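The following exercises are to be worked with the sequence and the coordinates at hand. Each task is followed by a solution in steps.

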Amino acid sequence: DKGILFKGEFKHYMNGLLKIKADEKVFLKERRSCQRINFHYTSVYVNVQFSQKLDFHKIKLKDISIQGFSIFTTETMATAFKKGLDLNITSINGIEIPVKLEGAITHKTRSEGVKGAAKGQFLIGVKFNQESKLIAKVIEALKE
């Protein structure tokens, strides 16, 4: 009743003292309408097609769901990715998928403090044009 709620990152607990870094870049765990597959401990790479013209190969995938995905890019590559432009997945870990997963870029942010990101990388968020039945099947298979 008398507490507060803030975003923070656990640093350590020692001698009865809890150290938490309050930071706006740390997100509270939220309930999502769909399950995401996160890749914190493994590296999964995708090939993407940008605005129906350019192909980029071996871009690190952060997470994916039936509604969209996010990738890590270099700062140089991130300059080309603008909010609203098309970005489609053409293969996952070297496996060509039967139909491109088409979507549009929803955000581009610096990835400092994001698990799995290297220094200076950007996080690009993409929302699919329609929910992906292919990814739904993959998630269903992983649940089993």
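**Exercise 1. Surface and fold**

Task: State how much area the protein exposes and what part of it carbon and sulfur atoms supply, then describe the secondary structure.

Solution. The protein exposes about 10,300 Å², of which carbon and sulfur atoms supply 54%. The model is a predicted one. Of its 144 residues, 32% count as buried. The secondary structure comprises two helices and 10 strands, and their order along the sequence is β-β-β-β-β-β-α-β-β-β-β-α. As for contacts between residues at least 6 apart in sequence, 51% join residues at least 24 apart.

**Exercise 2. The largest nonpolar core**

Task: Determine which members of the largest nonpolar core touch the most other members, and which elements each supply at least two residues of this core.

Solution. Step one concerns the members: the core holds 27 residues, and L61, I64, F69, I71, L87, I89 and I124 touch the most others. Step two concerns the elements: at least two core residues come from each of β4 (45-50), β5 (54-64), β6 (68-73), β7 (87-92), β8 (95-101), β10 (122-128) and α2 (133-143). Step three takes L87 as a case. Beyond its neighbours within four places in sequence, L87 is in contact with V48, Q49, F50, F69, I71, F81, L101, E102, G103, I105, I124 and V126. As a general point, nonpolar side chains in soluble globular proteins tend to be buried together.

**Exercise 3. Two strand residues compared**

Task: For K62 and F122, decide whether each is buried or exposed, and list what each touches beyond its sequence neighbours.

Solution. K62 lies in strand β5. Its relative accessibility is 13%, so K62 counts as buried, the cut-off being under 20%. Residues up to four places away aside, K62 touches I37, N38, F39, S70, I71, F72, V114 and L123. The C-alpha atoms of K62 and G125 are separated by 9.5 Å, although the two residues are 63 apart along the chain.

F122 belongs to strand β10. With a relative accessible area of 11%, F122 is buried. Its contacts, leaving aside neighbours within four places, are I71, F72, T73, T74, E75, A78, K108, T109, R110 and S111. Between F122 and F72, 50 residues apart along the chain, the C-alpha separation is 5.6 Å.

**Exercise 4. Positive phi values**

Task: Locate N15 and K58, and decide whether each is buried or exposed.

Solution. N15 sits in the loop between β1 (8-14) and β2 (17-22). Its phi is near 50°, a positive value in a residue other than glycine. N15 counts as exposed because its relative accessibility is 75%, the cut-off being over 50%. K58 is placed in strand β5. The phi of K58 is near 55°, again positive in a residue other than glycine. At 62% relative accessibility, K58 also counts as exposed.

**Exercise 5. The second largest pocket**

Task: Give the volume of the second largest pocket, then characterise its lining by residue, class and element.

Solution. The pocket contains about 280 Å³ of space. Its lining consists of P98, V99, K100, L101, E102, F128, N129, Q130, E131, S132, K133 and L134. Sorted by class, these are five nonpolar, three polar and four charged residues. Both β8 and α2 supply at least two lining residues, and β8 gives the most, with four.

How values were computed
Residues are numbered from 1 along each chain as its sequence is written. This is a predicted model: local features need pLDDT of at least 70, side-chain atom pairs count only at pLDDT 80 or more; totals for chains, interfaces and linings use all residues. Side-chain values use heavy atoms; hydrogens and water are left out. A nonpolar core is a set of buried Ala, Val, Leu, Ile, Met, Phe, Trp, Tyr and Cys residues joined through side-chain atoms within 4.5 Å. Buried means under 20% relative accessible area, exposed over 50%, partly exposed in between (1.4 Å probe, protein chains only). Contact means heavy atoms within 4.5 Å. On a 1 Å grid over the protein atoms alone, a cavity is a set of points where a 1.4 Å probe fits but cannot get out, and a pocket is an open set with protein on both sides within 12 Å along at least five of seven lines; lining residues have an atom within 4 Å of a point. Grid points are joined across faces, edges and corners, and a volume is the space filled by probe spheres set on the points. Ala, Val, Leu, Ile, Met, Phe, Trp, Tyr, Cys and Pro count as nonpolar, Asp, Glu, Lys and Arg as charged, and the others, Gly among them, as polar. Accessible areas come from the Shrake-Rupley method with a 1.4 Å probe; for residues, only the protein chains shown count as cover.
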